[in-house]
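Trainee: Could we go through this one together? I'd like to hear the reasoning behind the labels.

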Amino acid sequence: MARSFYHEYGIKSIAFGVMHMAPTRYTKLVDVRVVEGFNSNPVFMETLTAFAKTMDPNKKYLLLSCGDGYTELISEHLTELKQWFVCPYVDNELFKRLGSKETFYAAAEEYGLPYPKTKLISREMVERGEKIELPFDFPVALKPSDSIAWLDVDFEGRKKAFILDSRQQFDELLPKIYQAGYTGKMICQDFIPGDDSNMRVVNAYVDSDHHVRMISLGHPLLEDPSPAAVGNYMVILPEKNDQIYQTIQKFLEEIKYVGFADFDLKYDRRDDTYKVFEINLRQGRSSFYCTLNGYNLAKYVVEDVIYHQPFTETEYADGDQLWLGVPKKIFYQYAKESEYKDRAVKLLKAGKYGTTAFDKDDTLKQRMLMHYAFYLMPGNYKKYFVQR
């Protein structure tokens with residue numbers, strides 16, 4: 001997001017967080033301010049309240065979240081924060097409806113969004129020791145309904161999400177999860193067959209009057225295999241699909257959404273549908289693929305809530321720039337051979353690609369650190385990557 005603002009408006013963003021991260025440690029595009037405990041109250045509100053007292057009264061300050069926990073905190077304190085900041089976010093009621101996978105699937109059912117066959121599992125079910133019957137066969141996907149609470153859970157073998165091939169793996173893992181202190185529900189789903197290239201990602205911006213101003217589809221070709229980040233997209237090919245666009249747009253506008261939204265989907269060849277896994281109530285971590293392809297994310301939110309430009313029509317994104325979050329050699333080695341990989345290779349050879357991490361306008365020190373981070377990535381893939 002900082003790169004999008006910098007290149008569209010020449011603005012250096014201010015970022016609050018609990019620690020430094022490699023991509024922004026030495027950047028000149030962001031003023032990073034580390035505050036211990038900022039990811040929870042009371043520090044979150046104390047910090048923003050104190051910052052508000054230092055703000056230039058002749059300027060508007062736009063507050064944007066880059067994480068699920070921060071999005072939840074903004075929604076909880078939306079009325080208070082709007083005293084000082086421009087906050088394009090849903091209120092806490094809609095956040096609670098969409099913010100956990102369990103409640104999101106209920107909304108998906110109501111509004112006709114296709115999603116995988118799902119079984120909800122509670123702590124009580126596991127602690128009673130009863131055999132949990134599943135309405136589908138193995139392999140299955142298992143993930144926490146409350147992704148924010150999951151951040152504080154730690155045990156050997158913990159992952160962001162699991163793919164389990166057998167009943168034995170399933171029965172052994174569930175008790176470990178709840179013994180580690182997780183209290184929310186787990187989502188068990190029918191595993192949709194296919195590798196990473198069956199995934200899709202949609203980013204959209206919905207304005208203050210609930211109009212979708214921009215919607216962009218990406219086709220991931222490779223994901224992060226490491227346990228802490230499994231499922232994070234690392235290579236995205238721009239794509240356009242009117243069916244997906246219309247389905248997602250209809251959902252967002254009918255629920256009266258506001259702000260950035262990020263959806264994960266997977267193509268199910270068994271019934272020729274794209275099934276939605278979740279919605280993130282913010283832009284995605286790999287959403288720079290939109291800006292890279294000419295749909296600058298900063299522009300849409302600024303035109304809406306800062307300049308109050310009226311809605312005219314929805315932009316349905318397309319593009320010809322490949323987004324990379326890994327070195328090219330990892331893509332060549334690990335992405336599954338397909339017509340989509342062939343297209344991506346052609347874009348690479350034509351020089352039509354880019355990353356979030358590297359910016360010619362940033363400092364040499366920042367670029368050197370990111371080159372080192374990219375240098376370490378092959379070891380991660382060698383250790384963890386499994387082709388499905």
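Mentor: Sure; keep in mind that this is a predicted model. Let's start with helix H1, residues 2-9, where Ala-2, Arg-3, Ser-4 and Phe-5 are buried.

Trainee: What covers the buried residues of H1?

Mentor: The cover includes strands E1 (13-17), E2 (30-34) and E14 (353-355), along with helices H12 (288-292) and H13. After H1 comes Gly-10, with a positive phi near 70 degrees.

Trainee: H13 came up there. Why is Asp-304 called buried?

Mentor: Asp-304 has 5% relative accessibility, and buried means under 20%, so the label fits. Asp-304 lies in H13, which spans residues 297-305.

Trainee: Which residues does Asp-304 touch, leaving out those up to four places away in sequence?

Mentor: Tyr-205, Asp-207, Ser-208, Arg-213 and Gln-309.

Trainee: Now the cysteines. How many disulfides does the structure hold?

Mentor: Zero.

Trainee: How do you know that Cys-66 has no bond to Cys-290?

Mentor: A disulfide needs the two sulfur atoms within 2.5 Å. The closest cysteine sulfur to that of Cys-66 is in Cys-290, 14 Å away, so it is too far for a bond. Taken from the other side, Cys-290 is in no disulfide either, with the sulfur of Cys-66 as its nearest, at 14 Å.

Trainee: And what makes Cys-66 exposed, and Cys-290 buried?

Mentor: Exposed means over 50%, and Cys-66 is at 60% relative accessibility, so it counts as exposed. Cys-290 is at 0%, so by the under 20% cut-off it counts as buried.

Note on methods: Residues numbered from 1 in each chain as written. Predicted model: local features only at pLDDT ≥ 70, side-chain atom pairs only at ≥ 80, totals over all residues. Heavy atoms only, no water. Helix = DSSP H or I, 4+ residues; strand = E, 2+ residues; numbered from the N terminus. Buried < 20%, exposed > 50% of the residue type's maximum accessible area, 1.4 Å probe, protein only. Contact = heavy atoms within 4.5 Å.
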